[in-house]
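Here is a short briefing to keep beside the viewer. Have a look at the sequence and the model, then work through the points by topic.

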Amino acid sequence: MQEGPSLLEYEEGLWAKGLMRVAGVDEAGRGPLAGPVVACALVFDPGFARTAKDGVLSGLTDSKQLSESKRDHFFEFLERSDSVEFALGSAAPEEIDQINILQATYRAMERSVKGLGSLPDHVLVDGLPVKGLPCKSTSIVKGDSKSLSIAAASVIAKVTRDRIMQQLHEQYPVYGFDSHKGYGSKRHVQALLEHGPSPVHRTSFRPVKEALGIKERKKPDDGAGGQLEFGIE
């Protein structure tokens with residue numbers, strides 16, 4: 001993890017040019033077999049960010065590198081802070097299946113940026129260039145460990161999505177969304193094979209498509225209209 005001024009290197013460069021509304025953008029949930037992809041756009045007050053990076057936000061980095069308790073801690077702080085503005089955007093499984101996960105991720109990011117009170121002067125986005133953003137942007141590979149704004153956005157997106165998956169677990173407990181958050185764990189794949197996909201699964205993803213094929217092959221063919229062997233309770 002990089003420390004100190006390097007975490008604001010990109011922001012400072014833009015602030016020095018008079019671009020004061022700099023948004024960090026990141027997503028959570030590109031890889032799972034179920035649930036939405038969620039993006040966050042987050043803008044720091046520059047003065048607050050300069051002070052907080054070595055103070056109340058010390059240790060903030062890529063959400064995947066933080067424990068759940070640390071993510072929750074930073075989430076609650078960022079959510080309450082008057083010096084932080086953020087907006088969320090998402091794409092549901094149906095949209096992911098219609099346009100593919102990459103395009104759906106782009107749309108979720110675009111929605112998060114457009115959801116801010118006013119458009120940022122510039123966007124710092126994690127990973128490769130993103131098409132469709134409504135303002136100029138800079139893409140940063142592993143940006144969630146190099147930019148404080150992106151790191152904060154990654155935490156908001158990750159915690160928000162995890163909580164959505166917890167809610168979905170209560171609706172569809174057989175899949176264990178509370179533990180793997182929709183990723184293709186052994187337990188998850190086994191549940192897919194046993195029960196078939198739920199309405200929140202991404203049917204364009206191969207393991208889900210294969211489980212759906214098994215479910216279809218198990219349909220009764222005697223014309224009696226019996227129950228599917230692999231159904232969702």
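**A walk through the fold**

Leu124 has Thr138 of strand 5 standing opposite. That pair is a handy way into the sheet, since strand 4 (residues 122-126) and strand 5 are joined by four bridges and run parallel. Please keep in mind that this is a predicted model. The protein has 233 residues, 48% of which count as buried.

**Overall layout**

- Nine helices and five strands make up the list of elements in the protein.
- Following the sequence from its start, you will meet the pattern α-β-β-α-α-β-α-α-β-β-α-α-α-α.
- If you take the contacts between residues at least 6 apart in sequence, 64% of them join residues at least 24 apart.

**The sheet**

- The five strands form an open sheet with mixed pairing, and their order is 3-2-1-4-5.
- Strand 3 (84-91) and strand 5 (137-140) each have a single partner strand, so one side of each is left without a neighbour in the sheet.
- On average, and with direction ignored, neighbouring strands of the sheet are turned by 20° against each other.
- Helix 5 packs on this sheet and touches strand 1, strand 2 (37-44), strand 3 and strand 4.
- The direction of helix 5 makes about 150° with that of strand 3.

**Strand 1 and its partners**

- Is strand 1 mostly covered or exposed? It is mostly covered, as seven of its seven residues are buried.
- On one side of strand 1 the buried residues are Val22, Gly24, Asp26 and Ala28. Ala23, Val25 and Glu27 are buried on the other side, which leaves both faces of the strand covered.
- Strand 1 runs parallel to strand 4, with four bridges joining the two. Within this pairing, Val22 has His122 of strand 4 as its bridge partner.
- With strand 2, strand 1 runs antiparallel, and six bridges join them. Here Glu27 stands opposite Ala39 of strand 2.

**Ala41 in strand 2**

- Ala41, which lies in strand 2, has a relative accessible area of 0% and is buried.
- Which residues does Ala41 contact, leaving aside its neighbours within four places in sequence? They are Gly24, Val25, Glu85, Phe86, Ala87, Ser112, Val113 and Leu116.
- Gly24, one of those contacts, is also among the buried residues of strand 1.
- Ala41 and Val123 are 82 residues apart in sequence, yet their C-alpha atoms are 8.4 Å apart in space.

**The largest pocket**

- The volume of the largest pocket is about 390 Å³.
- How many residues line the largest pocket? The lining has 22 residues, and those nearest the centre of the pocket are Asp26, Glu27, Ala28, Arg30 and Asp126.
- Strand 1 (22-28), helix 5 (101-114) and helix 6 (148-171) are the elements that give two or more residues to this lining.
- By residue type, the lining divides into eight nonpolar, six polar and eight charged residues.
- Asp26, Glu27 and Ala28 tie the pocket back to the sheet: they lie nearest the pocket centre, and they are buried residues of strand 1.
- Helix 5 likewise appears in both settings, because it gives residues to the pocket lining and packs on the sheet.

Key
Residues numbered from 1 in each chain as written. Predicted model: local features only at pLDDT ≥ 70, side-chain atom pairs only at ≥ 80, totals over all residues. Heavy atoms only, no water. 1 Å grid on protein atoms, 1.4 Å probe; cavity = no way out; pocket = protein on both sides within 12 Å on 5 of 7 lines; lining within 4 Å. Points joined across faces, edges and corners; volume = space filled by probe spheres on them. Nonpolar A, V, L, I, M, F, W, Y, C, P; charged D, E, K, R; others polar. Pairing = 2+ DSSP bridges. Axes fitted to C-alpha atoms, helices over the stretch in contact; angles between N-to-C directions. Contact = heavy atoms within 4.5 Å. Buried < 20%, exposed > 50% of the residue type's maximum accessible area, 1.4 Å probe, protein only.
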